[in-house]
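Hi,

Here is the structure I said I would pass on to you. Have a look at it before you read my notes underneath.

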Amino acid sequence: LLEAPWDPQLLEFPSCTTVLAPDKRTVLFNGLRVRMGMHTGEADVEFCAETLKADYFGQTVNCAARVSALANGGQILLGLDTVESLSGLSPRELSFELQPLGSFKLKGISREKEIYHLIPFELRDRVFPPVQPPVTANW
């Protein structure tokens with residue numbers, strides 16, 4: 001997304017402007033800022049005979065959605081189970097570092113989840129506000 005040819009009108013929005021690192025060469029943000037969250041586990045799946053597409057659901061999918069909802073635009077968050085699935089792999093070999101953010105209560109998830117920020121080395125100068133659980137309305 002950093003190299004995508006965004007419409008110049010889109011880049012005029014404050015949340016879509018191009019942001020450079022202090023070295024003035026590295027692009028930290030450009031265009032839309034997608035937030036990402038990852039959770040590892042088994043998902044339930046059903047196939048639709050009409051569309052021939054799969055529908056994934058269940059606790060794993062719900063947890064992944066909640067982890068993603070914690071992220072700010074341009075940020076990648078992982079649950080502890082995803083971090084543990086990387087054991088044996090060196091973050092340096094994979095070109096990122098992991099920063100623990102603490103435990104969070106996620107809607108619909110019985111236990112608090114430890115959350116980590118995945119920071120690609122080339123984007124380590126990105127700055128984000130603190131992670132906050134989304135506010136939910138009780139209607």
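Below is what I found, going from the whole chain down to one patch on the surface.

Before anything else, please keep in mind that this is a predicted model.

Let's start with the overall build. The chain contains 8 strands and 3 helices. If you trace it from the N terminus, the elements come in the order β-β-β-β-β-α-β-α-α-β-β. Drawn along the principal axes, a box of roughly 45 × 40 × 35 Å holds the C-alpha atoms.

Next, how the chain packs. Of its 139 residues, 28% are buried. I also looked at contacts between residues at least 6 apart in sequence: 58% of these join residues at least 24 apart.

Now the outside. The chain has an accessible surface of about 9700 Å², and carbon and sulfur atoms account for 55% of that. As for charges, there are 13 positive and 17 negative ones, and the mean positions of the two sets lie 6 Å apart.

One spot on the surface is worth pulling up on your screen. Which residues form a nonpolar patch there? They are Leu1, Val34 and Met36, and together they offer about 270 Å² of accessible area. Met36 sits in strand β3, which covers residues 36–38. Is Met36 buried or exposed? The answer falls in the middle: its relative accessibility is 39%, so Met36 counts as partly exposed, given that the partly exposed range lies between under 20% for buried and over 50% for exposed.

That's it from me. Happy to go through it together.

Cheers

Definitions and conventions: Residues are numbered from 1 along each chain as its sequence is written. This is a predicted model: local features need pLDDT of at least 70, side-chain atom pairs count only at pLDDT 80 or more; totals for chains, interfaces and linings use all residues. Side-chain values use heavy atoms; hydrogens and water are left out. Patches are made of residues with over 30% relative accessible area and no salt bridge: like charges are joined within 9 Å, nonpolar side chains (Val, Leu, Ile, Met, Phe, Trp, Tyr) within 5 Å. Accessible areas come from the Shrake-Rupley method with a 1.4 Å probe; for residues, only the protein chains shown count as cover. A salt bridge is a side-chain nitrogen of Lys or Arg within 4 Å of a carboxyl oxygen of Asp or Glu. Helices (H or I, at least four residues) and strands (E, at least two) are DSSP runs, numbered from the N terminus. Buried means under 20% relative accessible area, exposed over 50%, partly exposed in between (1.4 Å probe, protein chains only). Contact means heavy atoms within 4.5 Å. Lys and Arg count as positive and Asp and Glu as negative; His and the chain ends are not counted. The place of a charge is taken as NZ of Lys, CZ of Arg, CG of Asp or CD of Glu.
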